[in-house]
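Work through the following exercises with the sequence and the coordinates open beside you, and try each task before reading its solution.

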Amino acid sequence: MSDFPSALGLSPEQTEELVRCAGAAPSLHNRQPWRFRLLPHAIELHGDMQRRLPVADPDDRELRLGCGAALLNLRLAVEHAGLRPVITLLPSLAGPSVLAEVRAPSRGTAAAADMELFMAIPARRSNRRPFRDVPVPAGHRRALVQAVREEQAWLHVVERSERGRLEGLVHRAHRAQMADPRFRSELARWTGRGEGAEEGVPASAAGPQREPQDQWVLRDFSGGQAQPRTPGKEFEHDPLMVVLCSYEDSRAADLQAGQALQRMLLSATSLGLAASLVSQVVEVEETQHELRELLGGGLRPQTVVRVGYGSPTPPTPRRDPAEMLIGSAEPANP
Ligand SMILES: Cc1cc2nc3c(=O)[nH]c(=O)nc-3n(C[C@H](O)[C@H](O)[C@H](O)COP(=O)(O)O)c2cc1C
């Protein structure tokens, strides 16, 4: 018998599975900046302030994006367990560190489409390898746009005429970050990790060595151990590039965008598509403003995603679900 606590009227094993699914979400440098408080009637999702990345993400916006992605996984897992999740973002009565609360007051049958996304949770991963030079069909593009819209966010599909400017902004942001020794040391701490690490990006997930002409895959996660490039396996010339945006600039909008990001990534996975994130341009304030102008000024760009057909890439590690819990007597953020 498991000694994992239970929540929402589920067994300890089912509850552990919910937390495992939530923890499979993507996060900046795989820091997994979330914690869960399990209560009989609810699961609280907390941002883990011990897992901040203060140089790349000084305002914790990307921390909230990762937590939003974990929240979508949790919602899908609750549905899979036969319950109907009810979500409150930033519930004020629960204390300042709570980002969301999930209750499940009634049973319900999950929609088939959501169960497809649930099945895609373990298969989804960030793919930094070259993609094939095969265009993403228009129907798939529309499905990704729709997935983001379902979560009250917006997906801008980058047009050919906008490519050059976006590429210039991404490269400028990358150079600015890599010129900052604090940024380089934060990145080095969480990348190029070996076997046995429970967090951070392992060298095996870094993809092949970068070269100056590589258009979009710039951040080097290999810690100096990048795999040599296979001759003839160049990066694709024309990937689908999309900018995920929120309608507002607020903590709630970040959580909404995180859920939209994850719904889009899981939809891509279930359509057989690979994806990787290109965040520099939204992390550097100046280029983020210029990108916002490029998109017309109204939307808040949250992240940029490259989508295409890729070869398999290994999974990244996760902490054990028990390590992601807040004990009943423990403060959420000491
Ligand atoms: C907000 C956010 C920003 C990210 N930015 C980047 C990025 O700029 N470059 C990149 O290659 N991966 C980026 N990632 C992907 C993470 O590195 C990845 O999710 C993490 O290493 C876990 O691996 P997985 O996605 O394969 O599960 C980002 C993820 C999130 C949630």
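**Exercise 1. Compare the radius of gyration of the protein chain with that of a compact globule.**

Solution. The radius of gyration is taken over C-alpha atoms, and the globule rule is 2.2 Å times the number of residues to the power 0.38. For 334 residues a compact globule would have a value near 20 Å, and the protein chain has 19 Å, which agrees. Along the principal axes, the C-alpha atoms fill a box of roughly 55 × 40 × 35 Å.

The model is predicted, so local features need pLDDT of at least 70 and side-chain atom pairs count only at pLDDT 80 or more, while totals for chains, interfaces and linings use all residues. Residues are numbered from 1 along each chain as its sequence is written, and side-chain values use heavy atoms, with hydrogens and water left out.

**Exercise 2. Describe the burial, contacts, surface and charges of the protein chain.**

Solution. Begin with burial, where buried means under 20% relative accessible area, exposed over 50% and partly exposed in between (1.4 Å probe, protein chains only): buried residues make up 56% of the 334 residues. Next take contacts (heavy atoms within 4.5 Å): among those between residues at least 6 apart in sequence, 74% join residues at least 24 apart. The protein chain exposes about 14600 Å² (Shrake-Rupley method, 1.4 Å probe), and carbon and sulfur atoms supply 52% of that area. Finally, count Lys and Arg as positive and Asp and Glu as negative, leaving out His and the chain ends, and place each charge at NZ of Lys, CZ of Arg, CG of Asp or CD of Glu; there are 40 positive and 42 negative side chains, and the centres of the two sets lie 2 Å apart.

**Exercise 3. Which residues of helix 5 are buried, and what covers them?**

Solution. Helices (H or I, at least four residues) and strands (E, at least two) are DSSP runs numbered from the N terminus, and the protein chain has nine helices and eleven strands. Helix 5 (residues 160-178) has 19 residues and reaches 28 Å from its first C-alpha to its last, close to the 27 Å expected at 1.5 Å times one less than its number of residues. Its buried residues are Glu162, Arg163, Leu166, Leu169, Val170, His171, Ala173, His174 and Gln177. Their cover includes strand 6 (154-157), helix 6 (181-189), strand 9 (240-246), helix 8 (280-283), helix 9 (285-294) and strand 11 (300-310).

**Exercise 4. Determine whether Leu18 and Asn73 are buried or exposed, and list their contacts.**

Solution. Leu18 is found in helix 1, and at 2% relative accessibility Leu18 counts as buried. Leaving aside neighbours within four places in sequence, Leu18 is in contact with Leu8, Leu10, Ile43, Leu74, Ala77 and Val78. Asn73, found in helix 2, is buried with a relative accessible area of 0%. With the same neighbours within four places left aside, Asn73 is in contact with Cys21, Ala22, Ala24, Ala25, Ile121, Gln262 and Leu266.

**Exercise 5. Where do Asn30 and Gln152 lie, and what phi does each have?**

Solution. Most residues other than glycine have a negative phi. Asn30, in the loop between helix 1 and strand 1 (34-38), nevertheless has a positive phi of about 50 degrees, and at 5% relative accessibility Asn30 counts as buried. Gln152, in the loop between helix 4 (138-150) and strand 6, has a positive phi of about 55 degrees although it is not a glycine.

Notes. Lys and Arg count as positive and Asp and Glu as negative; His and the chain ends are not counted. The place of a charge is taken as NZ of Lys, CZ of Arg, CG of Asp or CD of Glu.
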